[in-house]
Amino acid sequence: MAARAAQMNPSVIREILKVTERPEVISLAGGLPSPETFPVEAFEQACARVLQTDGRAALQYAASEGYGPLREAVAAMLPWDADPAQVLITTGSQQGLDLIAKILIDAGSPVLVETPTYLGALQAFTPMQPQVAGLRCDDEGAVPDDLAAQAAAARFAYLLPNFQNPTGRTMGEERRRAVVEVAVRTGLPLVEDNPYGDLWFDAPPPAPLSARHPEGCIYLGSFSKVLAPGLRLGFLVAPKAVYPKLLQAKQAADLHTPGFNQRVVVEVLRDGFLDRHVPTIRALYRSRRDAMLAALEREMAGLGVEFGRPSGGMFLWLRLPPGIDAGALLAQAVARGVAFVPGAPFYPAAGDARTLRLSFVTASVEQIERAVAALARSLQDALQQRHG
Ligand code: PMP
(Lines give C-alpha, C1' and ligand atoms only; values in the text may rest on other atoms or scores of the structure.)
Protein backbone atom coordinates (compact mmCIF):
# COMPACT_ATOMS: atom_id res chain seq x y z
CA MET A 1 0.00 0.00 0.00
CA ALA A 2 1.00 3.59 -0.54
CA ALA A 3 2.24 5.57 2.43
CA ARG A 4 -0.82 7.80 2.08
CA ALA A 5 -3.16 4.85 2.67
CA ALA A 6 -1.70 4.55 6.15
CA GLN A 7 -2.73 8.17 6.78
CA MET A 8 -6.39 7.43 6.04
CA ASN A 9 -8.67 6.84 8.99
CA PRO A 10 -12.26 5.73 9.35
CA SER A 11 -14.49 8.69 10.20
CA VAL A 12 -14.74 8.61 13.98
CA ILE A 13 -18.32 9.81 13.72
CA ARG A 14 -19.39 7.07 11.38
CA GLU A 15 -17.85 4.55 13.77
CA ILE A 16 -19.75 6.07 16.70
CA LEU A 17 -22.98 6.13 14.74
CA LYS A 18 -22.73 2.38 14.22
CA VAL A 19 -22.63 1.81 17.98
CA THR A 20 -25.46 4.20 18.69
CA GLU A 21 -27.85 3.12 15.93
CA ARG A 22 -30.20 1.28 18.24
CA PRO A 23 -33.88 2.06 17.75
CA GLU A 24 -34.42 2.96 21.41
CA VAL A 25 -31.58 5.51 21.37
CA ILE A 26 -32.43 9.11 20.40
CA SER A 27 -29.50 10.21 18.31
CA LEU A 28 -28.31 13.79 18.50
CA ALA A 29 -25.06 12.51 17.00
CA GLY A 30 -25.56 12.48 13.25
CA GLY A 31 -24.91 15.35 10.90
CA LEU A 32 -27.93 14.57 8.76
CA PRO A 33 -30.43 17.17 7.57
CA SER A 34 -34.00 16.40 8.59
CA PRO A 35 -35.60 14.22 5.87
CA GLU A 36 -38.95 15.96 6.50
CA THR A 37 -37.46 18.91 4.63
CA PHE A 38 -36.63 16.99 1.43
CA PRO A 39 -38.94 18.29 -1.34
CA VAL A 40 -39.84 14.85 -2.68
CA GLU A 41 -42.77 15.98 -4.82
CA ALA A 42 -40.83 18.75 -6.48
CA PHE A 43 -38.17 16.16 -7.35
CA GLU A 44 -40.73 13.72 -8.66
CA GLN A 45 -42.06 16.30 -11.10
CA ALA A 46 -38.61 17.58 -12.03
CA CYS A 47 -37.29 14.08 -12.76
CA ALA A 48 -40.20 13.41 -15.10
CA ARG A 49 -39.73 16.76 -16.85
CA VAL A 50 -36.01 16.18 -17.38
CA LEU A 51 -36.58 12.71 -18.80
CA GLN A 52 -39.36 13.92 -21.07
CA THR A 53 -37.64 16.99 -22.43
CA ASP A 54 -33.92 16.23 -22.23
CA GLY A 55 -33.65 12.54 -21.36
CA ARG A 56 -30.88 11.49 -23.68
CA ALA A 57 -28.55 14.36 -22.86
CA ALA A 58 -29.29 13.86 -19.16
CA LEU A 59 -28.18 10.22 -19.39
CA GLN A 60 -25.07 10.91 -21.49
CA TYR A 61 -21.52 11.69 -20.32
CA ALA A 62 -21.15 15.41 -19.81
CA ALA A 63 -18.74 18.31 -19.26
CA SER A 64 -16.45 18.13 -16.23
CA GLU A 65 -17.15 21.78 -15.34
CA GLY A 66 -20.81 20.98 -14.81
CA TYR A 67 -24.12 21.65 -16.57
CA GLY A 68 -24.13 25.21 -17.94
CA PRO A 69 -27.53 26.31 -16.62
CA LEU A 70 -26.67 25.02 -13.14
CA ARG A 71 -23.35 26.89 -13.16
CA GLU A 72 -25.27 30.01 -14.13
CA ALA A 73 -27.89 29.45 -11.44
CA VAL A 74 -25.14 28.99 -8.83
CA ALA A 75 -23.33 32.16 -9.91
CA ALA A 76 -26.62 34.08 -9.74
CA MET A 77 -27.30 32.81 -6.20
CA LEU A 78 -23.99 34.08 -4.83
CA PRO A 79 -23.86 37.51 -3.17
CA TRP A 80 -21.02 38.79 -5.33
CA ASP A 81 -20.44 39.16 -9.02
CA ALA A 82 -19.29 35.58 -9.60
CA ASP A 83 -18.57 34.46 -13.16
CA PRO A 84 -20.25 31.13 -14.09
CA ALA A 85 -16.93 30.23 -15.77
CA GLN A 86 -15.36 30.10 -12.29
CA VAL A 87 -18.01 27.68 -10.96
CA LEU A 88 -17.14 23.99 -10.86
CA ILE A 89 -19.99 21.62 -10.02
CA THR A 90 -18.76 18.94 -7.63
CA THR A 91 -20.11 15.66 -6.34
CA GLY A 92 -20.94 17.18 -2.97
CA SER A 93 -18.80 19.90 -1.46
CA GLN A 94 -16.88 17.04 0.15
CA GLN A 95 -15.41 16.40 -3.29
CA GLY A 96 -14.41 20.05 -3.47
CA LEU A 97 -12.34 19.54 -0.31
CA ASP A 98 -10.69 16.48 -1.86
CA LEU A 99 -9.83 18.32 -5.10
CA ILE A 100 -8.41 21.27 -3.17
CA ALA A 101 -6.25 18.91 -1.12
CA LYS A 102 -4.91 17.30 -4.29
CA ILE A 103 -3.90 20.52 -5.99
CA LEU A 104 -2.69 22.58 -3.02
CA ILE A 105 -1.05 20.19 -0.56
CA ASP A 106 2.38 18.57 -0.81
CA ALA A 107 3.66 16.22 1.87
CA GLY A 108 4.65 18.47 4.76
CA SER A 109 2.73 21.55 3.54
CA PRO A 110 1.40 23.61 6.43
CA VAL A 111 -2.40 23.96 6.29
CA LEU A 112 -4.32 26.09 8.80
CA VAL A 113 -7.66 24.98 10.22
CA GLU A 114 -10.00 26.24 12.91
CA THR A 115 -9.92 24.53 16.31
CA PRO A 116 -12.10 22.54 16.25
CA THR A 117 -12.97 22.08 12.57
CA TYR A 118 -15.07 19.95 10.21
CA LEU A 119 -13.89 16.38 10.51
CA GLY A 120 -14.57 15.57 6.84
CA ALA A 121 -12.11 18.28 5.82
CA LEU A 122 -9.41 16.75 8.01
CA GLN A 123 -10.22 13.43 6.35
CA ALA A 124 -9.89 14.96 2.87
CA PHE A 125 -6.63 16.77 3.64
CA THR A 126 -4.81 14.05 5.62
CA PRO A 127 -3.94 11.66 2.75
CA MET A 128 -1.92 14.44 1.11
CA GLN A 129 0.20 14.44 4.28
CA PRO A 130 0.00 18.11 5.24
CA GLN A 131 1.16 19.53 8.53
CA VAL A 132 -2.21 20.58 9.87
CA ALA A 133 -1.94 23.49 12.29
CA GLY A 134 -4.81 24.61 14.48
CA LEU A 135 -5.68 28.29 14.61
CA ARG A 136 -6.47 29.93 17.92
CA CYS A 137 -10.23 30.41 17.94
CA ASP A 138 -12.85 32.16 20.03
CA ASP A 139 -16.64 32.42 19.80
CA GLU A 140 -16.33 33.86 16.30
CA GLY A 141 -13.81 31.39 14.91
CA ALA A 142 -10.21 32.08 13.90
CA VAL A 143 -8.48 34.92 15.75
CA PRO A 144 -6.94 37.28 13.13
CA ASP A 145 -3.65 37.82 15.02
CA ASP A 146 -2.99 34.10 15.07
CA LEU A 147 -3.98 33.78 11.42
CA ALA A 148 -1.43 36.49 10.61
CA ALA A 149 1.24 34.85 12.77
CA GLN A 150 0.86 31.49 11.02
CA ALA A 151 0.10 32.77 7.50
CA ALA A 152 3.58 33.01 6.03
CA ALA A 153 4.34 29.33 5.49
CA ALA A 154 0.80 28.04 5.01
CA ARG A 155 -0.68 26.83 1.72
CA PHE A 156 -4.15 27.94 2.78
CA ALA A 157 -6.47 28.46 5.73
CA TYR A 158 -9.68 26.44 5.77
CA LEU A 159 -12.45 28.54 7.35
CA LEU A 160 -16.17 28.04 8.09
CA PRO A 161 -17.64 31.47 8.84
CA ASN A 162 -21.33 30.45 9.08
CA PHE A 163 -22.84 28.19 11.78
CA GLN A 164 -19.69 26.14 11.82
CA ASN A 165 -19.66 22.37 11.98
CA PRO A 166 -19.12 21.35 14.78
CA THR A 167 -19.47 24.40 17.09
CA GLY A 168 -22.36 26.31 15.48
CA ARG A 169 -20.39 29.55 15.81
CA THR A 170 -20.44 32.39 13.27
CA MET A 171 -17.96 35.11 12.35
CA GLY A 172 -19.32 38.61 12.78
CA GLU A 173 -18.82 41.43 10.31
CA GLU A 174 -15.76 42.89 12.04
CA ARG A 175 -14.07 39.50 12.28
CA ARG A 176 -14.66 38.84 8.59
CA ARG A 177 -13.13 42.17 7.69
CA ALA A 178 -10.10 41.47 9.87
CA VAL A 179 -9.63 37.96 8.46
CA VAL A 180 -9.79 39.22 4.88
CA GLU A 181 -7.39 42.03 5.76
CA VAL A 182 -4.87 39.40 6.93
CA ALA A 183 -5.40 37.34 3.78
CA VAL A 184 -4.88 40.35 1.52
CA ARG A 185 -1.83 41.58 3.46
CA THR A 186 -0.09 38.19 3.70
CA GLY A 187 -1.26 36.59 0.45
CA LEU A 188 -2.62 33.64 2.41
CA PRO A 189 -5.21 31.79 0.27
CA LEU A 190 -8.52 31.08 1.98
CA VAL A 191 -10.77 28.07 1.49
CA GLU A 192 -14.24 29.12 2.64
CA ASP A 193 -16.70 26.28 3.30
CA ASN A 194 -20.31 27.44 3.51
CA PRO A 195 -22.88 24.62 3.48
CA TYR A 196 -25.01 26.16 6.27
CA GLY A 197 -25.13 29.87 5.38
CA ASP A 198 -28.76 29.81 4.19
CA LEU A 199 -29.95 28.15 7.39
CA TRP A 200 -30.04 31.32 9.52
CA PHE A 201 -32.74 31.72 12.16
CA ASP A 202 -32.72 35.35 13.16
CA ALA A 203 -30.95 37.39 10.48
CA PRO A 204 -28.79 36.49 7.49
CA PRO A 205 -25.08 36.23 8.33
CA PRO A 206 -22.65 38.88 7.01
CA ALA A 207 -21.34 38.52 3.45
CA PRO A 208 -18.93 35.64 2.80
CA LEU A 209 -15.17 36.16 2.87
CA SER A 210 -15.10 35.28 -0.83
CA ALA A 211 -17.44 38.18 -1.66
CA ARG A 212 -14.82 40.55 -0.23
CA HIS A 213 -11.76 38.91 -1.76
CA PRO A 214 -12.79 36.58 -4.62
CA GLU A 215 -9.32 36.45 -6.17
CA GLY A 216 -7.84 35.07 -2.93
CA CYS A 217 -10.55 32.57 -1.97
CA ILE A 218 -11.89 29.22 -3.04
CA TYR A 219 -15.55 29.09 -2.02
CA LEU A 220 -17.40 25.82 -1.38
CA GLY A 221 -21.17 25.51 -1.43
CA SER A 222 -23.65 22.66 -1.35
CA PHE A 223 -27.23 21.71 -2.15
CA SER A 224 -27.15 19.10 0.64
CA LYS A 225 -28.63 21.27 3.37
CA VAL A 226 -31.14 23.28 1.30
CA LEU A 227 -32.43 20.47 -0.96
CA ALA A 228 -31.13 16.98 -0.18
CA PRO A 229 -27.72 15.41 0.50
CA GLY A 230 -28.47 12.28 -1.53
CA LEU A 231 -28.16 14.35 -4.71
CA ARG A 232 -24.44 14.68 -4.00
CA LEU A 233 -24.42 18.14 -5.54
CA GLY A 234 -22.06 20.84 -4.46
CA PHE A 235 -19.96 23.48 -6.14
CA LEU A 236 -16.84 25.48 -5.79
CA VAL A 237 -15.98 28.91 -7.07
CA ALA A 238 -12.28 29.36 -7.72
CA PRO A 239 -10.00 32.12 -8.98
CA LYS A 240 -8.70 31.79 -12.56
CA ALA A 241 -5.24 30.88 -11.31
CA VAL A 242 -6.38 27.58 -9.78
CA TYR A 243 -9.57 26.69 -11.68
CA PRO A 244 -7.90 24.69 -14.50
CA LYS A 245 -6.02 22.48 -12.02
CA LEU A 246 -9.15 21.86 -9.97
CA LEU A 247 -10.90 20.90 -13.20
CA GLN A 248 -8.13 18.44 -14.11
CA ALA A 249 -8.34 16.91 -10.63
CA LYS A 250 -12.11 16.65 -11.07
CA GLN A 251 -11.68 14.87 -14.42
CA ALA A 252 -9.40 12.34 -12.81
CA ALA A 253 -11.71 11.86 -9.83
CA ASP A 254 -15.04 11.14 -11.58
CA LEU A 255 -15.11 12.79 -15.05
CA HIS A 256 -18.15 14.81 -14.04
CA THR A 257 -20.97 15.08 -11.53
CA PRO A 258 -24.11 13.25 -12.70
CA GLY A 259 -25.76 15.33 -15.43
CA PHE A 260 -29.17 13.95 -14.58
CA ASN A 261 -29.00 15.26 -11.00
CA GLN A 262 -27.77 18.63 -12.21
CA ARG A 263 -30.64 19.01 -14.67
CA VAL A 264 -33.17 17.93 -12.06
CA VAL A 265 -31.91 20.58 -9.67
CA VAL A 266 -32.07 23.27 -12.35
CA GLU A 267 -35.66 22.21 -12.93
CA VAL A 268 -36.44 22.28 -9.18
CA LEU A 269 -34.81 25.70 -8.74
CA ARG A 270 -37.06 27.33 -11.36
CA ASP A 271 -39.46 30.08 -10.28
CA GLY A 272 -37.62 30.90 -7.06
CA PHE A 273 -38.25 27.52 -5.42
CA LEU A 274 -35.53 28.01 -2.79
CA ASP A 275 -37.07 31.35 -1.74
CA ARG A 276 -40.19 29.43 -0.72
CA HIS A 277 -38.54 26.22 0.47
CA VAL A 278 -35.58 27.39 2.58
CA PRO A 279 -37.76 29.47 4.98
CA THR A 280 -39.63 26.26 5.87
CA ILE A 281 -36.32 24.58 6.79
CA ARG A 282 -35.31 27.62 8.85
CA ALA A 283 -38.60 27.59 10.74
CA LEU A 284 -38.36 23.88 11.55
CA TYR A 285 -34.73 24.04 12.63
CA ARG A 286 -35.27 27.24 14.60
CA SER A 287 -38.06 25.63 16.63
CA ARG A 288 -35.83 22.65 17.39
CA ARG A 289 -32.91 24.85 18.36
CA ASP A 290 -35.21 26.75 20.69
CA ALA A 291 -36.43 23.49 22.21
CA MET A 292 -32.89 22.26 22.75
CA LEU A 293 -31.73 25.52 24.33
CA ALA A 294 -34.75 25.57 26.63
CA ALA A 295 -34.17 21.93 27.61
CA LEU A 296 -30.49 22.58 28.26
CA GLU A 297 -31.26 25.62 30.43
CA ARG A 298 -33.72 23.56 32.43
CA GLU A 299 -31.97 20.21 32.70
CA MET A 300 -28.35 21.31 32.97
CA ALA A 301 -28.95 24.04 35.59
CA GLY A 302 -26.26 23.83 38.25
CA LEU A 303 -24.27 21.07 36.52
CA GLY A 304 -21.45 23.32 35.32
CA VAL A 305 -22.12 22.83 31.61
CA GLU A 306 -21.38 25.55 29.04
CA PHE A 307 -23.09 25.59 25.67
CA GLY A 308 -23.26 27.79 22.59
CA ARG A 309 -26.36 29.51 21.26
CA PRO A 310 -26.12 28.97 17.51
CA SER A 311 -28.05 31.44 15.37
CA GLY A 312 -28.39 28.99 12.49
CA GLY A 313 -27.21 25.69 11.06
CA MET A 314 -27.67 22.27 12.64
CA PHE A 315 -25.29 21.99 15.60
CA LEU A 316 -24.80 23.05 19.16
CA TRP A 317 -21.49 22.69 21.03
CA LEU A 318 -21.33 21.83 24.66
CA ARG A 319 -18.52 21.78 27.24
CA LEU A 320 -18.77 19.50 30.24
CA PRO A 321 -17.49 20.38 33.71
CA PRO A 322 -13.83 19.66 34.63
CA GLY A 323 -12.98 16.01 35.02
CA ILE A 324 -15.78 14.73 32.77
CA ASP A 325 -14.67 13.11 29.53
CA ALA A 326 -17.25 13.23 26.73
CA GLY A 327 -16.01 9.95 25.27
CA ALA A 328 -16.52 8.18 28.58
CA LEU A 329 -19.87 9.89 29.11
CA LEU A 330 -21.13 8.62 25.75
CA ALA A 331 -21.44 5.02 26.95
CA GLN A 332 -23.49 6.13 29.96
CA ALA A 333 -25.62 8.39 27.79
CA VAL A 334 -26.33 5.63 25.27
CA ALA A 335 -27.36 3.38 28.16
CA ARG A 336 -29.85 6.10 29.12
CA GLY A 337 -31.09 6.39 25.54
CA VAL A 338 -29.29 9.35 24.00
CA ALA A 339 -26.29 9.59 21.66
CA PHE A 340 -24.02 12.52 20.79
CA VAL A 341 -20.60 12.95 19.20
CA PRO A 342 -17.61 13.61 21.47
CA GLY A 343 -15.80 16.77 20.39
CA ALA A 344 -12.15 15.68 20.57
CA PRO A 345 -11.95 14.14 17.05
CA PHE A 346 -12.85 17.52 15.52
CA TYR A 347 -9.56 19.00 16.70
CA PRO A 348 -6.50 18.86 14.43
CA ALA A 349 -4.28 17.84 17.37
CA ALA A 350 -5.09 16.79 20.92
CA GLY A 351 -8.73 17.71 21.37
CA ASP A 352 -10.69 19.07 24.30
CA ALA A 353 -12.09 15.87 25.83
CA ARG A 354 -14.78 17.84 27.68
CA THR A 355 -16.54 18.96 24.50
CA LEU A 356 -19.35 17.35 22.53
CA ARG A 357 -21.58 18.15 19.55
CA LEU A 358 -25.36 17.90 19.52
CA SER A 359 -27.47 18.05 16.35
CA PHE A 360 -30.81 19.72 16.96
CA VAL A 361 -32.41 19.08 13.57
CA THR A 362 -33.37 15.42 13.17
CA ALA A 363 -35.10 14.69 16.50
CA SER A 364 -38.59 16.04 17.24
CA VAL A 365 -39.13 18.59 20.01
CA GLU A 366 -40.47 15.85 22.27
CA GLN A 367 -37.45 13.64 21.55
CA ILE A 368 -35.09 16.57 22.12
CA GLU A 369 -36.64 17.16 25.54
CA ARG A 370 -36.31 13.50 26.52
CA ALA A 371 -32.79 13.27 25.10
CA VAL A 372 -31.50 16.34 26.93
CA ALA A 373 -33.06 15.10 30.19
CA ALA A 374 -31.34 11.73 29.69
CA LEU A 375 -28.06 13.45 28.93
CA ALA A 376 -28.37 15.49 32.12
CA ARG A 377 -29.04 12.34 34.17
CA SER A 378 -26.00 10.59 32.71
CA LEU A 379 -23.93 13.66 33.53
CA GLN A 380 -25.26 13.63 37.11
CA ASP A 381 -24.18 9.96 37.37
CA ALA A 382 -20.73 10.83 36.04
CA LEU A 383 -20.40 13.77 38.46
CA GLN A 384 -21.32 11.52 41.36
CA GLN A 385 -18.73 8.96 40.26
CA ARG A 386 -16.15 11.75 39.97
CA HIS A 387 -16.83 12.85 43.52
CA GLY A 388 -17.17 9.29 44.76
N1 PMP B 1 -18.46 20.93 4.76
C2 PMP B 1 -19.07 20.89 5.95
C3 PMP B 1 -18.71 21.89 6.98
C4 PMP B 1 -20.05 19.93 6.22
O5 PMP B 1 -20.64 19.92 7.42
C6 PMP B 1 -20.39 19.00 5.22
C7 PMP B 1 -21.45 17.94 5.43
N8 PMP B 1 -21.54 17.36 6.66
C9 PMP B 1 -19.70 19.06 4.00
C10 PMP B 1 -18.77 20.05 3.80
C11 PMP B 1 -19.97 18.10 2.89
O12 PMP B 1 -21.22 18.26 2.36
P13 PMP B 1 -21.69 17.70 0.96
O14 PMP B 1 -20.58 16.88 0.40
O15 PMP B 1 -22.91 16.92 1.23
O16 PMP B 1 -21.94 18.92 0.12
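Helix 11, residues 259–269, is mostly covered, with 10 of its 11 residues buried. The model is predicted. This briefing moves from helix 11 to a four-stranded open sheet, then to Arg 288 in helix 12.

**Helix 11 and its surroundings**
- The buried residues of helix 11 include Gly 259, Asn 261, Gln 262 and Arg 263. Val 264, Val 265, Val 266, Glu 267, Val 268 and Leu 269 are also among them.
- Their cover includes helix 3 (40–58), helix 4 (68–77), strand 2 (87–90) and helix 12 (273–299).
- Just after helix 11, Asp 271 takes a positive phi of about 60°.

**The open sheet**
- Four strands form an open sheet in the order 11-12-15-14, and their pairing is antiparallel.
- Strand 11 (306–307) and strand 14 (341–342) stand at the edges. Each has a single partner strand, so one side of each lacks a neighbour in the sheet.
- Two bridges join strand 11 to strand 12 (residues 315–319) in the antiparallel sense.
- Glu 306 stands opposite Arg 319 in strand 12.
- Helix 12 packs on the sheet and touches strand 11, strand 12 and strand 15 (355–359). The direction of helix 12 makes about 15° with that of strand 12.

**Arg 288**
- Arg 288 lies in helix 12.
- Its relative accessibility is 7%, so Arg 288 counts as buried, the cut-off being under 20%.
- The side chain of Arg 288 reaches the backbone oxygen of Ala 363 at 3.3 Å.
- Leaving aside neighbours within four places in sequence, Arg 288 contacts Ser 34, Glu 36, Phe 360, Val 361, Thr 362, Ala 363, Ser 364, Val 365 and Ile 368.

Conventions
Residues are numbered from 1 along each chain as its sequence is written. This is a predicted model: local features need pLDDT of at least 70, side-chain atom pairs count only at pLDDT 80 or more; totals for chains, interfaces and linings use all residues. Side-chain values use heavy atoms; hydrogens and water are left out. Buried means under 20% relative accessible area, exposed over 50%, partly exposed in between (1.4 Å probe, protein chains only). Contact means heavy atoms within 4.5 Å. Two strands pair if DSSP finds at least two bridges between them. Axes are lines fitted to C-alpha atoms, for helices over the stretch in contact, and angles run from 0 to 180 degrees between N-to-C directions. A polar contact is a pair of N or O atoms within 3.5 Å; within protein, one must be able to donate a hydrogen and the other to accept it, and residues adjacent in sequence count only if both atoms are side-chain atoms.
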